[in-house]
Amino acid sequence: MEIIFNPVRPEDTDVVAFAVTKANFADYNFPVDHPDQLRETAKLANFEGGAGQSFLLIAPVDGRMVRIILVGLGDKPTDQQKAGGEIISKVQTSGAKNIAIHAEHLEGTIAAEIAYGALLRSWRMDKYFTTKPKSELPTVTQIHIIGAPAAANDVWPRYAAVAQGVELTKELVTEPANIIYPESFVERCRHLTELGIEITVLDEAEMTKLGMGALLGVGQGSRKQSRMLAMKWDGTGGKQQRPLCLVGKGVTFDTGGISIKPAAGMEDMKWDMGGAGAVAGTMKALAGRKANAYVVGICGLVENMPDGNAQRPGDVVTSMAGQTIEVINTDAEGRLVLCDALHWAQETYNPEYMVDLATLTGAIIISLANEYAGMFSNSDELADKLNAAAKASGDPVWRMPIGAVYDKMINSDIADMKNVGPRGGGSITAAQFLHRFIKDGVKWAHLDIAGTVWTDKPGATWNKGASGFGVKLLDRLVADNFEG
Ligand code: BES
Ligand code: MN
Ligand code: ZN
């Protein structure tokens with residue numbers, strides 16, 4: 001999808017869109033052939049210009065029949081993005097090619113928010129369809145933003161960079177597990193070097209040397225080799241000493257291993273790498289907009305399979321940190337991958353702040369449904385920053401507790417800890433497990449995104465399927481707190 005800022009509406013436009021408010025709808029001067037009829041028709045359809053409202057009709061503009069769309073604008077940027085998303089979703093497969101969104105009346109950066117929302121909402125993956133009728137496939141290729149103020153035009157490259165990050169995340173999350181596995185995940189991220197990102201990859205031999213017994217134990221039942229991927233972006237030119245580390249769970253498929261999952265719904269576990277996907281997308285966004293910050297993205301990449309060589313319930317593994325773990329349930333694999341990734345991140349990059357993202361527990365969906373990611377943190381300061389970034393970005397998080405009472409629930413009779421706790425508080429004991437690998441003084445937050453990575457219905461800035469959760473949140477966290 002191409003976004004083009006244009007002073008005037010191109011002649012071949014086949015969709016003309018207007019973003020209006022409750023306040024200006026009554027006397028908005030629509031540049032269409034019959035502006036008053038348009039207004040009256042919209043009113044009859046209960047359109048008043050309120051946030052979230054929209055209206056479509058076919059009527060003449062400059063003597064040609066075109067689709068006309070009205071959307072209601074809210075005050076918040078996230079509402080404005082939603083309005084942009086609404087425009088594209090109404091006509092994406094309609095046969096129309098070019099959309100013109102009139103922006104002459106839109107102040108500041110509102111037009112950029114609308115374009116951003118439309119661009120994000122337009123992403124879908126159609127490449128595996130070979131027989132789908134053309135009428136069900138996207139036809140829109142260009143969105144023209146007409147007459148926007150310079151402010152919107154000026155900030156656009158920044159928005160476009162973040163959108164490209166979100167797109168990478170959606171792509172990685174949507175691809176099936178026969179296509180995206182640890183090695184191919186790394187290859188899909190290689191192009192980030194073109195943006196100035198430095199990539200480091202550890203293979204199994206190197207991870208064995210480093211003693212990553214927890215991560216390697218998860219991958220040992222798979223034919224696919226495990227990988228650790230690090231993506232370093234330093235936009236400060238070496239000025240910032242300690243980076244922000246972003247660490248993602250990248251289980252490219254989670255069968256549960258020997259503690260195998262039921263068949264129904266197991267296909268969903270192709271997106272058990274959503275944390276790693278969000279980290280890769282965020283790095284793309286940050287480098288794409290040349291963020292003035294030092295950030296390292298780390299992805300622990302494994303496939304969790306049952307096999308003659310797979311680890312068994314009851315096995316004891318030794319993590320890189322030296323702490324031993326009794327693997328009670330091979331399906332609680334994410335924490336085993338993350339504990340080595342978190343430890344390696346701290347040893348290698350000495351971060352001041354660290355945020356991990358993981359589709360870690362089904363229990364977080366029981367707690368929060370699909371509305372918020374669960375946030376766990378040892379730092380009120382970092383938690384507050386993430387809360388603020390969540391509100392501003394539209395990737396919502398809700399803080400959950402951690403503490404000593406939960407920590408003791410994962411003590412083991414044979415090793416330093418076990419990888420599952422009792423039935424209650426499953427998301428919290430998972431977070432407690434990770435907490436045991438955080439060094440003193442490191443400000444850390446864990447986001448359990450099991451409920452927010454994948455959706456069964458379209459949302460403001462995503463089609464159904466991959467939501468791209470995390471990229472807008474982390475980009476915002478960096479923009480508001482880590483840039484000089
Ligand atoms: N990847 C799953 C968590 C998950 C469940 C993500 C549903 C998305 C949707 C994770 O590896 C897992 O299997 N967790 C177990 C932990 C349990 C064995 C303690 C779970 O949540 O059931
Ligand atoms: Mn699992
Ligand atoms: Zn998993």
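Select Asp254 together with the two metals beside it: in this predicted model, Asp254 bridges the zinc ion (ligand 3) and the manganese ion (ligand 2), which lie 3.2 Å apart. Add Glu333 to the selection, and distant parts of the chain are linked, since Asp254 sits in strand E9 (residues 244–254) while Glu333 belongs to the loop between E12 and helix H9 (334–349), 79 residues apart. Both Asp254 and Glu333 are buried.

**The zinc ion**

Centre the view on ligand 3 and display its donors. The zinc ion is coordinated by Lys249 through NZ, by Asp254 and Asp272 through OD, and by Glu333 through OE, at 2.0 to 2.4 Å. Its 6 donor atoms make angles of 78 to 173° with one another, and the site is octahedral. For comparison while measuring angles on screen, the ideal values for six octahedral donors are 90 or 180 degrees. If you colour the donor residues along the sequence, their spacing reads K-x4-D-x17-D-x60-E.

**The manganese ion**

Move now to ligand 2, where Asp254 (OD), Asp331 (O), Asp331 (OD) and Glu333 (OE) coordinate the manganese ion at 2.0 to 2.2 Å; Asp331 thus appears with both O and OD as donors. Why is the arrangement around the manganese ion (ligand 2) irregular? The 6 donor atoms subtend angles of 71 to 165° here, and it is this spread that makes the arrangement irregular. Along the chain, the donor residues of this ion follow the spacing D-x76-D-x1-E.

**The open sheet of E11, E12 and E16**

Next select strand E12 (residues 324–327) with strands E11 and E16, which form an open sheet of 3 strands in the order E11-E12-E16, with mixed pairing. The edges are strand E11 (315–318) and strand E16 (417–418), each of which pairs on one side only. Between E11 and E12 the pairing is antiparallel and runs over 4 bridges; to find the register, pick Val316, which stands opposite Glu326 in E12.

**The nonpolar cores**

Show side chains for Phe185, Leu229, Met231, Leu244 and Val355, the residues with the most contacts inside the largest nonpolar core, which has 51 residues. Helix H8 (residues 274–288) gives the most to this core, contributing 7 residues. Apart from this core lies another, of 41 residues, including Leu202, Ala214, Leu215 and Ile438. Such groupings fit a general pattern, in that nonpolar side chains tend to be buried together in soluble globular proteins.

Returning to Phe185, and leaving aside neighbours within four places in sequence, one can display its contacts with Leu172, Ile180, Leu229, Met273, Ala276, Gly277, Ala280, Cys299 and Leu301.

**Helix H2 and the E3–E4 hairpin**

Helix H2 (residues 77–91) has 15 residues, and a distance drawn from its first C-alpha to its last spans 22 Å, close to the 21 Å expected at 1.5 Å a residue. Which residues of H2 are buried? They are Thr78, Gln80, Gln81, Ala83, Gly84, Gly85, Ile87, Ile88 and Val91.

Strand E3 (residues 54–61) and strand E4 (residues 64–72) should be selected as a pair, for they run antiparallel and are joined by 8 bridges. Ala59 has Val66 in E4 as its bridge partner. In this hairpin 2 residues lie between the strands, and Asp62 takes a positive phi near 50°.

**Two loop residues**

From Ala59, draw a line to Glu352: the two are 293 residues apart in sequence and 58 Å apart in space, C-alpha to C-alpha. Glu352 is located in the loop between H9 and strand E13 (353–358), and it counts as partly exposed because its relative accessibility is 30%. Outside its neighbours within four places in sequence, Glu352 is in contact with Arg242, Pro243, Gly441, Val442 and Lys443.

Finish at Asn463, in the loop between strand E18 (454–455) and strand E19 (465–466). Is Asn463 buried or exposed? Asn463 is buried, because its relative accessible area is 17%, under the 20% limit. Not counting residues up to four places away in sequence, Asn463 touches Arg121, Trp123, Arg124, Thr455 and Pro458.

Key:
Residues are numbered from 1 along each chain as its sequence is written. Chains are lettered from A and ligands numbered from 1 in the order in which they are written. This is a predicted model: local features need pLDDT of at least 70, side-chain atom pairs count only at pLDDT 80 or more; totals for chains, interfaces and linings use all residues. Side-chain values use heavy atoms; hydrogens and water are left out. Two strands pair if DSSP finds at least two bridges between them. Donors are N, O and S atoms within 2.8 Å of the metal (3.2 Å for Na, K and Ca); water is not among the atoms, so sites may look incomplete. Four donors count as tetrahedral if all angles lie between 85 and 135 degrees; four count as square planar and six as octahedral if opposite donors are over 155 degrees apart and all others between 65 and 115; anything else is irregular. Buried means under 20% relative accessible area, exposed over 50%, partly exposed in between (1.4 Å probe, protein chains only). A nonpolar core is a set of buried Ala, Val, Leu, Ile, Met, Phe, Trp, Tyr and Cys residues joined through side-chain atoms within 4.5 Å. Contact means heavy atoms within 4.5 Å. The expected span of a helix is 1.5 Å times one less than its number of residues.
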